[in-house]
Amino acid sequence: MHKLITLLYIMSFFIFSKFALAETIQINFTGDDSYSVEVAHIDVGDTIEWYPVDEGHNVEFLAGPMMNSLPEKSKLNAFNSVIFKIPGVYLYQCTPHGNAGMIGLVIVGNNFHNLEDIKKIQLSRAPASVLKRLIKIALSKQ
Ligand SMILES: [Cu+2]
């Protein structure tokens, strides 16, 4: 019995510490018009920070689990930070380079419930093909 209680205690520690220790992931804008991390897998409550290491880029959300309250579009060349509280798949692009394929995915809580909505987003040829590749990567890591 004592062992069971100890085990439960240790398990609860891991479960709660996972929520308590929210992580921050860094993504850079790169010189070849891309994001340094194209597919980010994070937990609910984690933060993503985008750094304007290369000029002329930003972060504009195109889709997410709550279509009527997507994170705000960031300014060009600006640091951007978003805390993700709702599980699901988020799609974003760089406003000037989205049509060239500068897009990224964020998967929050390993939750793909809105993946079909993400696939339905109208994109031009280059980003549509990048999105297919990124979805494959995302699903392979789930
Ligand atoms: Cu860009």
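The exercises below, each with a worked solution, concern a predicted model of a protein chain.

**Exercise 1. Establish how many helices and strands the protein chain has, and in which pattern they follow one another.**

Solution. Begin with the count, which for the protein chain comes to three helices and seven strands. Next, read these elements along the sequence, which gives the pattern α-β-β-β-β-β-β-β-α-α. Then turn to burial, where 25% of the 142 residues of the protein chain count as buried. Finally, consider the contacts between residues at least 6 apart in sequence, of which 59% join residues at least 24 apart.

**Exercise 2. Work out the order of the three strands that form an open sheet, and determine which strands stand at its edges.**

Solution. Start from the pairings, taking β1 and β3 before β3 and β5. The strands β1 and β3 pair in the parallel sense over five bridges, and within this pairing T24 has T47 of β3 as its bridge partner. The strands β3 and β5, by contrast, pair in the antiparallel sense over four bridges, and here T47 has I83 of β5 as its bridge partner. Putting the pairings together, one obtains an open sheet of three strands in the order β1-β3-β5, with mixed pairing. The edges are then β1 (24-28) and β5 (80-83), because each has a single partner strand, so that one side of each is left without a neighbour in the sheet. From one strand to the next, the twist of this sheet averages 20 degrees.

**Exercise 3. Assign the residues of β3 to a covered and an uncovered face.**

Solution. Sort the residues of the strand by face: I48 and W50 make up the covered face of β3, whereas T47, E49 and Y51 make up the uncovered one. Residue T47, on the uncovered face, is also the bridge partner of T24.

**Exercise 4. Decide whether β6 is enclosed or open to its surroundings, and identify the strands joined to it by bridges.**

Solution. First, take the burial of the strand: six of the six residues of β6 are buried, and therefore β6 is largely enclosed by the rest of the structure. Second, look at β4 (residues 60-63), which is joined to β6 by three bridges and runs antiparallel to it; in this pairing the bridge partner of E60 is Q93 of β6. Third, look at β7, which also runs antiparallel to β6 and is joined to it by six bridges, with I107 of β7 serving as the bridge partner of V89.

**Exercise 5. Find which residues of the largest nonpolar core touch the most other members, and which elements supply the core.**

Solution. The core has 22 residues, and those that touch the most other members are Y90, L91, L105 and V106. At least two residues of this core come from each of β3 (47-51), β6 (88-93), β7 (103-108) and α3 (125-140), and the largest share, five residues, is supplied by β7. To follow one member in detail, take Y90 and leave aside its neighbours within four places in sequence; Y90 is then in contact with F61, A63, G64, L105, V106 and V108.

**Exercise 6. Classify I137 as buried, partly exposed or exposed, and locate it relative to V39.**

Solution. Residue I137 is found in helix α3. It has 13 other C-beta atoms within 10 Å, and I137 is therefore partly exposed, since a residue counts as exposed at 12 or fewer and as buried at 20 or more. As for its position, I137 and V39 are 98 residues apart in sequence, yet 7.3 Å apart in space, C-alpha to C-alpha.

Note on methods: Residues are numbered from 1 along each chain as its sequence is written. This is a predicted model: local features need pLDDT of at least 70, side-chain atom pairs count only at pLDDT 80 or more; totals for chains, interfaces and linings use all residues. A nonpolar core is a set of buried Ala, Val, Leu, Ile, Met, Phe, Trp, Tyr and Cys residues joined through C-beta atoms within 7 Å. Two residues are in contact if their C-beta atoms, placed from the backbone, lie within 7 Å. Two strands pair if DSSP finds at least two bridges between them. Axes are lines fitted to C-alpha atoms, for helices over the stretch in contact, and angles run from 0 to 180 degrees between N-to-C directions.
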